[in-house]
Amino acid sequence: MARVNYLIAALSLQIVWSLYMIKLCSASDLKNFRSFPAILIFGDSTVDTGNNNFIPTIIKANYSPYGKDFPNHIATGRFSNGKLIPDMVASRLGIKELVPPFLDPKLSNDDVKTGVSFASAGSGFDDLTTMIYKVIPMMMQVDMFKNYIQRLTEIVGVDESKKIIGSALVILSAGTNDFTKNFYDLPVRKLQYNISGYQDFIQDRLQSFIEEIYELGCRNIVVAGLPPIGCLPIQETISSQLPLTRICLEDQNSDSISYNQKLSKLLGNLPSQLHGSTILYADIYTPLIDMVNNPHKYGFEHTNTGCCGTGLAEVAPLCNALTPTCEDSSKYLFWDSVHPTEAAYKFMTELFLKQFL
């Protein structure tokens, strides 16, 4: 009996110790989550929180029904029905609730100190990508970043500015527009490159971009790969003669996979060249293709049409105040024919945080 009591006491002590360690680890994780003083965003419409509102382009999302499920139902310029991944990551890390666009003339000093988005919907690494719609090229986003550094320095001083930028979480998401605009839908670059050559061309530009922001002080950089491009509703529509026969385009998806494999290898080699940096690859292909193939696991009922209009081709100006929308956007993987819903972004954010933090 005494031995049984001893075993019970020992087991109880072990359980208490385990619970204590779990609590301690959770507290440590939370501390790590909050170790980024700022968040800096570069890229395209997946991370543009409203910069295109302030430039002369038709690629905007500052009108209804965009923002339908955003707080107070405001169309902020985000290409979705609600928040984007940068907003959700910043909130979970305790940095801020929303990441503002750098071009907002009402940008406060506090927002400058905690980070902004330089992204522009429609952008890409290939200069041809941005010429059609007159959006902000990736390299011009570096110039915006230089202006940001100048303003940050005026607010907090040189030393503190360097500290904030060196400790900031930097997220880079671009590349999809380069392939859809220049290789698949308007195949201008096919006259110069095969798919492998164009992938290398884009990744050379991407590497130069990373080296530029590294020289400006960025050290913690996460780079998103390509999504399953062939499963974007608009890509299915363009390649299908009949709406009822629309399916994912396996050749475009295969191209995305090979691009991502190259990107992962490239990013794995960069820290040895850029000393003191942490550069990580974010896999967005896997969660998105899983949502396409196993929609009910995520609560989705529609994966190859968007919530806005027919969901076949509506995006930007074609998704407007006169366009009807679905009743429940949380049942849709895509908001318009290109961009995921807030519900999809929430799942991706959770996976992002588990993967890196």
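**Aromatic pairs and helix α12**

Q: Are phenylalanine 42 and phenylalanine 118 buried or exposed?
A: In this predicted model, local features need pLDDT of at least 70 and side-chain atom pairs pLDDT 80 or more, while totals for chains, interfaces and linings use all residues. Residues are numbered from 1 along each chain as its sequence is written, and side-chain values use heavy atoms, without hydrogens or water. Phenylalanine 42 and phenylalanine 118 both count as buried (under 20% relative accessible area, 1.4 Å probe, protein chains only; exposed is over 50%, partly exposed in between).

Q: How many residues separate phenylalanine 42 from phenylalanine 118?
A: The structure holds 23 aromatic pairs (ring centres within 6.5 Å; stacked under 30 degrees, edge-to-face over 60, the rest tilted). Phenylalanine 42 and phenylalanine 118 form a stacked pair, 4.9 Å centre to centre with 20° between the planes. Phenylalanine 42 lies in strand β1 and phenylalanine 118 in the loop between α3 and α4 (DSSP runs: helices H or I, at least four residues; strands E, at least two; numbered from the N terminus), and their separation in the chain is 76 residues.

Q: What is the geometry of the pair formed by phenylalanine 183 and tyrosine 184?
A: Phenylalanine 183 is buried at 5% relative accessibility, and tyrosine 184 is buried at 16%. Their ring centres are 6.0 Å apart and the planes meet at 90°, so the pair is edge-to-face.

Q: How far apart are the end C-alpha atoms of helix α12?
A: Helix α12 covers residues 342-356, and its buried residues include Tyr345, Met348, Phe352 and Phe356. For its 15 residues, the expected span (1.5 Å times one less than the number of residues) is 21 Å. The model agrees with this, because the end C-alpha atoms are separated by 21 Å.
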